[in-house]
Amino acid sequence: MEDLKNIKILAEKEINSARNSEEIKQIFQKYLGKNGEVTRVLRSLKNLDENKKRSIGKLANQIKQELEQKIEIRKKEIGAEIGKNKTNKKIDVSFPGHKLPTGHLHPITKVKREVEDIFERLGFSVVEGPEVESEWYNFDALNIPANHPARDMWDTFWLRQNESKVQNSKSKANTKSQRLLLRTHTSPVQIRYMEKNNPPLRIIAPGRAFRYEATDASHEINFYHVEGLMVDKEISAANLKAIMEKFFEMFFKKSVKIRIRPSFFPFTEPSFEIDIRCLVCGGKGCSVCSQGGWLEIAGAGMVHPQVFKSAGLNPKEWQGFAFGMGLDRLTMMKYKIKDIRLLFKGDLRFLEQF
Ligand code: DAH
């Protein structure tokens, strides 16, 4: 009996001072393993008489259980200590960390933000308008009446509506057509903004536009535009030229030569086409600029008096310039992308290059 009690005292001491799971394992083997000290006592019971067998057996079993419990408790304590103070666990600080997969912005979004940033620095505000637009804002207010051949410039997605309830621009003079369409350009934002804000004003309106047309390397049914508008008492084409030159220089990070050619847009008079010197060949002629040395980049002009009237402003009092540029075009030039369709496919092999 005394032996057993001594064994217990010793075992408990050892358990309490055990430092790690290896030591605990050894203590278990020493006392409770196959040839452990307590196990041996239990095995020798069969040689004892009934009385001793009962009393020693009872004590030995009790000690066995107690030691098992204590070992379990100490195991948990050691686990917690290791967790708290990792001194026992070796950490290789030179091991490379786990790389977390992260997404990134689409090239058009990047360019859109850059364009916004540049124009903001030039004193312009960024404004937005709806993608589902009415016939009035998309066409009539911009001096593009129904049946006018100019409408052919914009192949339009019309939205299905209950025709009998909807006023269209052919139905009655002096009513604003509520027929809905997917906006073919961001120019209607000019009208929406001028209706609510008095000049002087400088805005850009970036956003998505839609055309009902066959797709190829340079045409998509949806694309991104940025519209610009500057209105004040004495705005001239010289201001337009200066702003555009400054913008291209900041965007392409080098000085870019621009060329202004006469053109036609119903909402500007006079109207221009703005070209920039080809960034690939520097003007010598290459496949990107179709050997011409110039790249068509924007439509622009002086705001038509009719447009001011549509927005409730007096054209005798105000004047301004407007321009419209393809953001996809700018993206394609910046990153030398040859096919616009790549921008809208969502193909990761393409997108992961940015
Ligand atoms: N809205 C024209 C387009 O769809 C682009 C444009 C041309 C916008 C001339 C303008 C402008 O503001 O003055 O192609």
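Student: In this predicted model, how do the residues lining the largest pocket divide into nonpolar, polar and charged?
Tutor: The model is predicted. The lining of the largest pocket holds 43 residues. By class they are 21 nonpolar, twelve polar and ten charged.

Student: Which element gives the largest share of that lining?
Tutor: Elements supplying two or more residues to the lining of the largest pocket are β5, β7 (268-277), β8, β9 and α10 (327-335). The largest share is seven residues, and it comes from β8.

Student: What takes up space in the largest pocket?
Tutor: The pocket has a volume of about 1300 Å³. Nearest its centre lie S218, E296, I297, G326 and R329. The space is taken by the ligand.

Student: Which strands each supply at least two residues of the shell around the ligand?
Tutor: The ligand has 16 residues around it. Six are nonpolar, eight polar and two charged. Coming nearest are W154, H185, S187, R211 and E227. The strands are β5 (222-232), β8 (294-303) and β9 (319-326).

Student: How far is an oxygen atom of the ligand from an N or O atom in the side chain of R211?
Tutor: R211 is one of the residues that come nearest the ligand. Backbone atoms approach ligand oxygen too: a polar one of F323 at 3.4 Å, and an N or O atom of A322 at 3.2 Å. For the side chain of R211, the distance is 2.9 Å.

Student: How much of the ligand's accessible area does the protein cover?
Tutor: On its own, the ligand has 350 Å² of accessible area. The share covered by the protein is 93%.

Note on methods
Residues numbered from 1 in each chain as written. Predicted model: local features only at pLDDT ≥ 70, side-chain atom pairs only at ≥ 80, totals over all residues. Heavy atoms only, no water. Near = heavy atom within 4 Å. Polar contact = N/O pair within 3.5 Å; in protein donor to acceptor, adjacent residues only side chain to side chain. Areas by Shrake-Rupley, 256 points an atom, 1.4 Å probe, with all protein chains shown as cover. 1 Å grid on protein atoms, 1.4 Å probe; cavity = no way out; pocket = protein on both sides within 12 Å on 5 of 7 lines; lining within 4 Å. Sits in = over half its atoms within 2 Å of the grid points. Helix = DSSP H or I, 4+ residues; strand = E, 2+ residues; numbered from the N terminus. Nonpolar A, V, L, I, M, F, W, Y, C, P; charged D, E, K, R; others polar. Points joined across faces, edges and corners; volume = space filled by probe spheres on them.
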